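Let's take a walk through this structure together. Have a look at it first, and then we'll start from the ligand and work outward.

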Amino acid sequence: MKIKILLFTLLIVNLYANKTEGRNVYLVNCAACHSTTMQGGMGKDFNLVSYTRTKKDIMHYASDPQTYFKKFGYTANAMPTLPLTQQEVEDVADYISSLQPFKKWMVKK
Ligand code: HEC
């Protein structure tokens, strides 16, 4: 019983930590262009992005926009390739994905 409580606590702490990490990565590396309110600056409103893109899509774009901009429907790429670690890319994608709690029912797989 105790071990279950411990594991559950670890899970919650871990989920929370990922979100805070992702938010930090976002504020430091992305907010200057994508805005702190997520409502778009350059590029799209991230609240909408979180509905229309999978976490994987967001990870791809965040790590290599030059390769993905055409697939995403843009004709030119204005987003730099940022020197993020794989962990940072995953955390920031988690954060952006988490903006819409109903995403899992709406997004096409
Ligand atoms: C220098 C400005 C700039 C920075 C910094 C930047 N972006 Fe972008 N991003 C853009 C622009 C502009 C677009 C729209 C495509 C274009 O015109 O290149 C875009 C598009 C995107 C898209 C595609 C949105 C969609 O669904 O169509 C994603 C995802 C994205 N950015 C994620 C990020 C993340 C995550 C970071 C931080 C790690 C980041 N961007 C940092 C400028 C930036």
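**Around the ligand**

Start with the space that the ligand takes up: it is the largest pocket. Keep in mind that this is a predicted model.

Now look at what surrounds the ligand. The shell is made up of 23 residues, and the closest of them are Cys30, Cys33, His34, Arg53 and Met79. Sorted by character, 17 of the shell residues are nonpolar, four are polar and two are charged. Several helices chip in here: H2 (31-34), H3 (46-52), H4 (55-63) and H6 (86-97) each provide at least two residues of the shell.

Next, zoom in on the iron atom of the ligand. Which protein atoms act as its donors? They are NE2 of His34 and SD of Met79, at 1.9 to 2.1 Å from the iron. Counting every donor, there are six around the iron atom, and the angles they subtend run from 85 to 179 degrees, which makes the arrangement octahedral. For comparison, ideal angles for six octahedral donors are 90 or 180 degrees. His34 belongs to helix H2, while Met79 sits in the loop between helix H5 (65-68) and H6, so this pair ties together parts that lie 45 residues apart in sequence.

Finally, turn to the oxygen atoms of the ligand. An N or O atom in the side chain of Arg53 is 2.5 Å from a ligand oxygen. Tyr74 also reaches in with its side chain, placing a polar atom 2.6 Å from an oxygen atom of the ligand. With Ala78, it's the backbone that takes part: one of its N or O atoms there lies 2.6 Å from a ligand oxygen.

Definitions and conventions
Residues numbered from 1 in each chain as written. Predicted model: local features only at pLDDT ≥ 70, side-chain atom pairs only at ≥ 80, totals over all residues. Heavy atoms only, no water. Near = heavy atom within 4 Å. Polar contact = N/O pair within 3.5 Å; in protein donor to acceptor, adjacent residues only side chain to side chain. 1 Å grid on protein atoms, 1.4 Å probe; cavity = no way out; pocket = protein on both sides within 12 Å on 5 of 7 lines; lining within 4 Å. Sits in = over half its atoms within 2 Å of the grid points. Helix = DSSP H or I, 4+ residues; strand = E, 2+ residues; numbered from the N terminus. Nonpolar A, V, L, I, M, F, W, Y, C, P; charged D, E, K, R; others polar. Donors = N, O, S within 2.8 Å, 3.2 Å for Na, K, Ca; no water. Tetrahedral: all angles 85-135°; square planar, octahedral: opposite > 155°, others 65-115°.
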